[in-house]
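Subject: Structure for you to look at

Hello,

Here is the structure I said I would pass on. Please look it over first; my notes on the enclosed spaces come after it.

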Amino acid sequence: MKEGSECKELSARWATLAMYSAASFTSAALQNTYVAIMYASADYYQTTPFVITLTMLVAFIAYAVFTGIGGFICERTSLRVSVLIGSIGVAIASLLRFIAAFSPSLLWLVMVGQSVLGAAMPLVTFSTLTQMTSQWFPPTQRSVADAIAFLSNVLGSGVVYLIAPAVVTESDRTSMVILMVGEAIFSCIVALIVLLFFRSKPERAPSLSQAMKYKLVASPVTEPLLPSVSETDPGLQKNDDYPINKNASTNGAPSRSLSASIKEYLHNILACLKEVHFLIVLVGYSFGFGLLAALATVIDEIMTPLGYDADECGYAGLIIMFGGFMGSLASGAALDATHRPVLLLRLLMLAIVPSVVYVTVSLTYGAEGGSGGLGLGNILASLGIHSLCVFALVPVVLESAVEVTYPVPETTSGSVINIGGSGMAAVLVVAMGALRDPQEPHLMSNGVYLWAGCWVLCAVVTWFFNGELKRLAVERGATSTIGATQPAVVPAERVV
């Protein structure tokens with residue numbers, strides 16, 4: 001590849017990640033807006049804080065329902081079409097919420113907007129994330145790219161806890177409209193940028209596995225995976241400069257009927273669910289993401305009965321969102337450097353379990369000014385440590401899911417684990433609320449204990465992960481046979 005062309009492709013790679021991250025950032029900010037100003041929103045719409053919590057729960061449910069559909073759309077069309085649909089959906093949701101800000105009687109429109117948001121989010125978050133990084137980034141940068149895209153989602157959730165309370169200082173129409181029009185303008189700008197500049201893939205594949213994907217038209221599950229590397233192109237094993245077959249379809253498969261596409265998509269999902277180590281990853285991600293998302297959603301309801309005000313609850317939400325920023329980035333870099341997901345998962349679980357104990361103690365014995373209370377400092381410290389460790393799981397789990405299910409498309413494995421994560425979050429929010437003490441001051445200690453118990457279960461199950469890194473084996477030129485023989489696989493613990 002010529003130097004000028006290489007620099008252009010490198011710039012396009014990071015520009016694509018920036019556009020994707022902006023779309024993910026926007027969706028997360030919108031999802032958390034009403035929870036970030038829970039009591040002001042409750043006063044303005046003349047309802048209870050629990051109903052405001054439902055705005056996030058509605059988005060979680062819609063996310064879980066439409067994640068599978070989003071994965072199918074991406075497989076049926078292209079990464080560009082999928083991200084564009086998602087960005088436009090987020091923009092439409094922001095406009096509905098803007099209209100709803102003009103009257104307290106339009107709370108129902110807020111719920112409609114949150115439903116549209118939840119339906120659009122899979123296309124600009126985790127369902128398409130691994131496909132985007134696989135199609136644009138080489139193996140040495142994929143996990144870092146995963147971490148950056150994920151952190152943009154986290155950043156959106158965190159920034160809204162700073163901006164929303166600063167704008168909506170009182171529960172009045174003016175401040176609510178100002179916040180919503182700002183979000184709507186930003187969302188529409190992001191959608192326009194995606195429309196004008198976002199591409200599905202670079203002109204040259206960043207890895208051997210992607211080059212083979214574009215060269216072939218066989219179904220990745222039901223037909224032979226790929227011919228011998230040497231017969232396809234002997235030069236493919238020698239460098240990272242892989243040409244893309246211009247005659248191949250956008251996603252590396254031929255055009256087919258809708259019914260055939262649905263059948264293949266369901267076949268791919270079944271292939272994922274038959275892989276034991278994928279099921280372990282599914283449990284790890286479902287509980288990990290779901291537990292943290294549930295905690296972030298109800299943190300106000302946990303802390304308010306302990307005597308903390310809205311600003312202090314906001315600090316806790318902010319710490320949860322930002323606490324894992326460096327952890328996720330560091331784990332992505334470590335995974336790219338070592339390709340040792342088993343080791344990283346176990347180390348992270350060894351760190352997460354003590355952090356769960358710390359959070360549980362601080363949230364059950366952390367009454368403001370109470371006798372023997374641990375206070376706000378311990379609550380914030382425990383949440384920061386815990387979120388750092390949990391967010392570090394995400395790039396490891398996402399890449400592990402793709403590795404153990406290869407050659408199933410990345411969108412399929414990503415969609416399945418994200419259905420689990422968002423579904424688990426919705427269930428836990430309801431369960432933790434149901435365990436609230438009916439007596440004043442309505443403590444949520446029982447919900448916190450449930451949360452901690454689920455984490456113990458997650459740690460035990462995840463410890464048994466020891467999958468085979470099938471995609472990495474292909475990228476290292478491990479394919480040695482022709483036809484139906486699958487590529488050699490690398491046991492996770494043997495990868496140096």
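A cavity here is a set of points, on a 1 Å grid over the protein atoms alone, where a 1.4 Å probe fits but cannot get out; its lining residues have an atom within 4 Å of a point. Points are joined across faces, edges and corners, and a volume is the space filled by probe spheres set on them.

This is a predicted model, in which local features need pLDDT of at least 70, side-chain atom pairs count only at pLDDT 80 or more, and totals for chains, interfaces and linings use all residues. Residues are numbered from 1 along each chain as its sequence is written, and side-chain values use heavy atoms, with hydrogens and water left out.

The search of the whole structure gave 3 cavities of 30 Å³ or more.

The largest has a volume of about 360 Å³. It is lined by 28 residues, of which Phe150, Asn153, Phe289, Ala293 and Phe391 are the closest to its centre. Among the helices (DSSP runs of H or I, at least four residues, numbered from the N terminus), α12 gives the most to this lining, 8 residues. No residue of the lining is charged (Asp, Glu, Lys, Arg); 19 are nonpolar (Ala, Val, Leu, Ile, Met, Phe, Trp, Tyr, Cys, Pro) and 9 polar (the others, Gly among them).

The second largest cavity has a volume of about 100 Å³. Ser143, Leu335, His339, Glu399 and Glu403 are the closest to its centre among 13 lining residues. Here 5 are charged, 5 nonpolar and 3 polar. α16 supplies the largest share, 3 residues.

Regards

Definitions and conventions
On a 1 Å grid over the protein atoms alone, a cavity is a set of points where a 1.4 Å probe fits but cannot get out, and a pocket is an open set with protein on both sides within 12 Å along at least five of seven lines; lining residues have an atom within 4 Å of a point. Helices (H or I, at least four residues) and strands (E, at least two) are DSSP runs, numbered from the N terminus.
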